[in-house]
Amino acid sequence: MRLAALTRILRYGWVALLAALLAACHQDMYNQPKVQTYDPSSFFADGRGSRPNVPGTVAVGAAQTDEYLYTGLVDGVEGDVMPFAVSRELLERGQQQYNIWCAVCHGESGYGQSMVAQRGGIVPANFHQERLREAPIGHYFNVITNGVYRGDPANGGYQSMYSYASRINAEDRWAIAAYIRALQLSQNATLDDVPPENRASVGP
Amino acid sequence: MGQIFPRNANMLAWLSIFAGLLLAVELTLILAVYFRSNYFRQINVAIEQPVPFSHQLHNSTLGIDCRYCHVSANQSAFANIPATETCMTCHSQIATNSPRLALVRESYATGQPIEWVKVHRVPDFVYFNHSIHVNKGIGCSNCHGQVNQMPVVWQTQAFYMGWCLNCHRNPEQYVRPRDEVYNMDYVAPANQLELGAQLVREYGIMSPDQLTNCWVCHR
């Protein structure tokens with residue numbers, strides 16, 4: 001009796017084996033029931049997995065305690081000092097960030113000439129004009145942070161430059177401002193601005 | 001009544017058993033090849049998007065840097081798709097009436113995101129961190145191919161574990177200088193192995209022993 005049962009198990013065991021093999025073909029580990037970046041979610045009414053900040057809350061590390069660092073304004077007026085020390089590394093960071101964000105329209109040397117400008121529709125400012133050369137450094141930070149309006153948007157005007165505050169962090173915005181200043185100096189420099197020991201290496 | 005089967009039917013029976021086994025093995029192999037094929041994985045197949053955005057135009061022709069839109073590629077585990085605001089930064093003034101951009105304007109007006117179609121994906125059990133690869137000298141084109149020449153994006157490389165491991169075992173064959181990471185036309189120099197080995201040391205890239213540990217990609 002027991003032997004007969006064993007034979008039967010052996011004889012039909014492959015069915016169970018096949019069933020187990022086929023049952024293993026599923027995608028649970030590939031598609032786990034967790035929300036990853038940009039995943040939709042049926043849990044929330046708007047269908048998005050990524051949630052906006054809860055109103056009235058501040059994310060960890062996002063508290064803006066230093067007013068000048070985050071606005072570039074002193075009592076509502078654009079300041080003319082950097083909120084932290086300028087070093088060679090900072091200017092290089094500014095150059096890298098400038099070439100990513102600003103050169104697209106303003107051009108790598110800041111004359112407002114670029115492929116985008118050439119194609120029309122956008123008229124980027126030339127950083128080497130008198131008005132901007134005399135503008136305080138806080139002006140650049142303020143513009144990157146808030147953008148530029150041509151006229152009143154409620155009255156036929158439009159925003160000619162969007163705010164970059166959500167894309168570039170405050171330290172990098174200052175670095176860009178410092179680099180723009182360096183660009184302005186470079187385009188209006190004379191031989192006297194070059195240290196005497198390096199003058200020989202400057203072309204005519 | 002004579003016998004139904006002739007004597008050589010024995011041979012046929014044996015042959016059909018072997019043929020059946022062979023068929024089973026073949027089917028398994030064919031399925032295995034099929035599921036690993038570029039056809040099944042949709043490699044080199046251009047993926048239509050709701051908005052016909054061209055990387056070729058924006059990156060190659062206009063010279064917009066990768067990071068202008070993919071801000072978090074070097075900052076976060078996930079390389080972002082740009083917000084509609086990024087598109088509108090230019091397109092509030094350029095091609096403002098283009099019907100191709102209707103979805104973008106609608107998204108900006110309503111706040112509803114554009115539902116882009118994901119092209120490059122890894123399974124959920126892979127904890128891939130985008131920023132560490134970019135910051136340790138793996139270029140965009142190492143994995144994504146020359147996206148700067150694609151009017152519509154397609155995947156150029158199937159993301160198999162074996163493919164990942166190839167680089168984790170031999171990082172010196174692929175690592176480039178950090179300032180060449182976003183150069184989409186980068187060609188590895190003749191002394192790549194020498195340069196790669198030097199960069200691996202300089203950037204503090206883990207040893208292949210560590211890089212091929214399970215926990216590096218799976219948690």
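Q: Where is the place of B:N44 in chain B?
A: In this predicted model, B:N44 has a phi near 65°, which is a positive value in a residue other than glycine. B:N44 has 13 other C-beta atoms within 10 Å, and because a residue counts as exposed at 12 or fewer and as buried at 20 or more, B:N44 is partly exposed. Its place along the chain is in the loop between α2 (38-41) and α3 (55-61) of chain B.

Q: Which value does phi take in A:Y38, a residue that is not a glycine?
A: A:Y38 lies in chain A, in the loop between α1 (2-23) and α2 (67-71). With 15 other C-beta atoms within 10 Å, A:Y38 falls between the limits of 12 and 20, and so it is partly exposed. Although A:Y38 is not a glycine, its phi is positive, at about 70°.

Q: Is A:S42 buried or exposed?
A: A:S42 is found in the loop between α1 and α2 of chain A. The C-alpha atoms of A:S42 and A:A20, which are 22 residues apart along the chain, are separated by 32 Å. Around A:S42 there are 7 other C-beta atoms within 10 Å, and because 12 or fewer is the limit for this class, A:S42 is exposed.

Q: With which residues is A:M29 in contact, leaving aside its neighbours within four places in sequence?
A: A:M29 lies in the loop between α1 and α2 of chain A. A:M29 has 9 other C-beta atoms within 10 Å, and a count of 12 or fewer makes a residue exposed, so A:M29 belongs to that class. Leaving aside neighbours within four places in sequence, the residues in contact with A:M29 are B:P123, B:D124 and B:F125.

Q: How many residues of the side of chain B that touches chain A come from α5(B)?
A: The contact between the chains involves 19 residues of chain B and 19 residues of chain A. On the side of chain B that touches chain A, α4 (66-69) and α5 of chain B each supply at least two residues. By class, the residues of this side are 10 nonpolar, 5 polar and 4 charged. The largest share of this side comes from α5(B), with 3 residues.

Q: At what angle do helix α5 and helix α6 of chain B pack?
A: Helix α5 covers residues 84-91 of chain B and helix α6 covers residues 102-110 of chain B, and their axes are 10 Å apart. From α5(B), the residues B:T84, B:E85, B:C87, B:M88 and B:H91 meet B:V104, B:S107 and B:Y108 in α6(B). This contact has 4 nonpolar, 3 polar and 1 charged residues. The two helices pack at an angle of about 115°.

Q: Which helix gives the most to the largest nonpolar core?
A: This core holds 29 residues, and those that touch the most other members are A:W101, A:V104, A:I176, A:A177 and A:I180. At least two residues of this core are supplied by each of α3 (88-101), α4 (103-106), α7 (137-146) and α8 (170-187) of chain A, and also by α4 of chain B. The helix that gives the most, with 8 residues, is α8(A).

Q: With which residues is A:I176 in contact, leaving aside its neighbours within four places in sequence?
A: A:I176 is among the residues that touch the most other members of the largest nonpolar core. When its neighbours within four places in sequence are left aside, A:I176 is in contact with A:G94, A:Q97, A:Y98, A:C102 and A:I144.

Q: What distance separates the C-alpha atoms of B:Q173 and B:Q192?
A: The place of B:Q173 is in the loop between α9 (161-169) and α10 (192-202) of chain B. B:Q173 has 13 other C-beta atoms within 10 Å, and because this count lies above 12 and under 20, B:Q173 is partly exposed. Not counting residues up to four places away in sequence, B:Q173 touches B:Q192, B:L193 and B:G196. Although B:Q173 and B:Q192 are 19 residues apart along the chain, their C-alpha atoms are separated by 6.4 Å.

Q: How many Å separate the centres of domain 1 and domain 2 of chain B?
A: Chain B is divided into domain 1, which is 9-35, and domain 2, which is made of 46-61 + 118-219. Taken over C-alpha atoms, the centres of these two domains are separated by 41 Å.

How values were computed: Residues are numbered from 1 along each chain as its sequence is written. Chains are lettered from A and ligands numbered from 1 in the order in which they are written. This is a predicted model: local features need pLDDT of at least 70, side-chain atom pairs count only at pLDDT 80 or more; totals for chains, interfaces and linings use all residues. Axes are lines fitted to C-alpha atoms, for helices over the stretch in contact, and angles run from 0 to 180 degrees between N-to-C directions. Helices (H or I, at least four residues) and strands (E, at least two) are DSSP runs, numbered from the N terminus. Two residues are in contact if their C-beta atoms, placed from the backbone, lie within 7 Å. Ala, Val, Leu, Ile, Met, Phe, Trp, Tyr, Cys and Pro count as nonpolar, Asp, Glu, Lys and Arg as charged, and the others, Gly among them, as polar. Domain bounds come from an automatic or database domain assignment. A nonpolar core is a set of buried Ala, Val, Leu, Ile, Met, Phe, Trp, Tyr and Cys residues joined through C-beta atoms within 7 Å.
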